[in-house]
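Trainee: Could you take me through one part of this protein slowly? I would like to look at a single sheet and what packs around it.

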Amino acid sequence: MRGARKRLCSALIVAYGLFSLYAAYTVFLRPRRPSAPRPSHRDRRGPRDNVAVGNEEWNPWEVDEKNELIASQQRYKAHLQVIKNARSHLEQTSLKVQIWGKAAIGLYLWQHIFEGQLEPADVTAQWREGSQKAGKTHFSFITGPSVVPGYFSVEAENVVLVLNGREAAKIAYATQWLRYAQTLIQTRKIQRVAVVLLGNEQCNNEWIQPYLKRNGGFVNLLFVTYDYALVNDEDVFQWPLGVATYRNFPVVEPSWSMLRDPRPYLCNFLGTVYKNSSRETLIEILKQDEFNKLCWIAAREQWQPQETNESFKNYQDALLQSDLTLCPVGVNTECYRIYEACSSGSLPVVEDVMTPGGCGNSSVRRSAPLQLLKTMGAPFIFIKNWKELPAVLEKEKKMSLQEKTDRRKKLLEWYQNFKAAMSHKFINTLENSFLPSGKG
């Protein structure tokens, strides 16, 4: 009996406690709601100051409630927008393109222009691949020695074939790939083909002409390096030479020190000096006492396709530690050194001279050599003769660090914008050509 009373008392105490808590919540914490709808502004009588307080219930939490409601609505709209953007992103992927990288210039396209990643990261891997979406297109990229005709999966109806057409042996290999692509077109396994071509340094690219669609072939678009006279910006486009990816020149990320730090050398030239070339004149000028200690010079008599680890590191250091990079002509005016200097914040001093061969002005550009770079407003120093160099170096010695910093910033920004513009042009050209009418 006594136990039952204790339980009853305990229950009453708990009930009283719960009731007290509820009452406190109701009085002090629970937001109050108006007991009746508030009259609209139109229904109110007389001036606002004469409205009796009793006509509408005062709510001290009203402003907070409104703010919370507005914030909630904004969050909801933001979530809806995210969903719409994601849906739009999926719906706009109208084109699938597979890039077959069978020349080192393909790495410049993928890693430097597209800023794409490759797996595995090991540059010696037999097979490397990557993918990304850009514009309305989903790109996949494959490269490496294991990418062999007939021994990999063709995953898209649209193909970009990256080839080397610089010399006879490379052209023979490139032709095998073109014939393979032609077979896939004929068997309807792919529908459209574009080619990115490392062209001949003297622009002797006649061998690829029969493969162009306008000549009865199957290649819809051709992107080719150097000042090829048949560039028309309709189906043949000039493409930048880029950095020497075949020597594994890396993507260089700009840094504060690259931009701001003083550089110990006014200029650099590390390269091959060919007999009876303008490079001999350049070296003679640089050997003068007043310039010999101001510039990083390392000349050799024979060209080497591959660098040693030491020579490659020296070259990269020279770019990063020099205000100017001297770019004499070789077989062609355009060289890897120009782009490598840009990526390192070292201003190219370019010998603006046309080299022998078939390169020259096209129907759409009349500023050869280096038509593409000039059209894009490259902020370089262009000279016609290396005898102009002493005056350039004298001017350089008088520049302040702030002036050089501003110039580096301008160069790095230009190069970044240049790559972005080439990416945009490449993607738009593919989409306009490959997508059905009305979707491009």
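Mentor: We start with the open sheet, then move outward to a few other places. Keep in mind that this is a predicted model. Its pLDDT averages 86 over the protein, and 78% of the residues score at least 70.

Find the sheet. It is open and has 5 strands, in the order β9-β8-β10-β11-β12. The pairing is parallel. Now look at the edges. β9 (295-300) and β12 (381-383) stand there. Each has a single partner strand, so one side of each is left without a neighbour in the sheet. The sheet also twists: neighbouring strands are turned by 20° against each other on average, ignoring direction.

Zoom in on one pair. Strand β10 covers residues 322-327, and 4 bridges join β10 to β11. The two run parallel. Pick out C327: its bridge partner in β11 is V350.

Next, the helices. Helix α6 (residues 278-286) lies across β8 (265-272), β9, β10 and β11. Against β8, helix α6 runs at about 140°. Helix α9 (residues 336-344) lies across β8, β10 and β11. Its angle to β10 is about 170°.

Follow the chain out of β11 (347-351). The loop between β11 and α10 (371-375) holds G360. Is G360 buried or exposed? G360 has a relative accessible area of 12%, so it counts as buried. Leaving aside neighbours within four places in sequence, G360 is in contact with D227, A229, M354, A368 and Q371. Also find C203. G360 and C203 are 157 residues apart in sequence, yet 8.7 Å apart in space, C-alpha to C-alpha.

Another loop is worth a stop. T245 sits between β7 (236-239) and α5 (256-260). T245 is buried because its relative accessibility is 6%. A polar atom of the T245 side chain lies 2.6 Å from the backbone oxygen of A104. Beyond four places in sequence, the contacts of T245 are A104, I105, L107, Y108 and H112.

Now the largest nonpolar core. This core has 108 residues, and I99, F139, L178, V195 and F426 touch the most other members. Helix α12 (residues 401-434) gives the largest share, 9 residues. Look at F139. Its contacts beyond four places in sequence include V97, I99, W110, F114 and F426.

One caution to end on. Over residues 32-58, pLDDT stays under 50. For that stretch the model has 14 contacts beyond four places in sequence.

Methods: Residues numbered from 1 in each chain as written. Predicted model: local features only at pLDDT ≥ 70, side-chain atom pairs only at ≥ 80, totals over all residues. Heavy atoms only, no water. Core = buried A, V, L, I, M, F, W, Y, C linked by side-chain atoms within 4.5 Å. Buried < 20%, exposed > 50% of the residue type's maximum accessible area, 1.4 Å probe, protein only. Helix = DSSP H or I, 4+ residues; strand = E, 2+ residues; numbered from the N terminus. Contact = heavy atoms within 4.5 Å. Polar contact = N/O pair within 3.5 Å; in protein donor to acceptor, adjacent residues only side chain to side chain. pLDDT = per-residue confidence, 0-100. Pairing = 2+ DSSP bridges. Axes fitted to C-alpha atoms, helices over the stretch in contact; angles between N-to-C directions.
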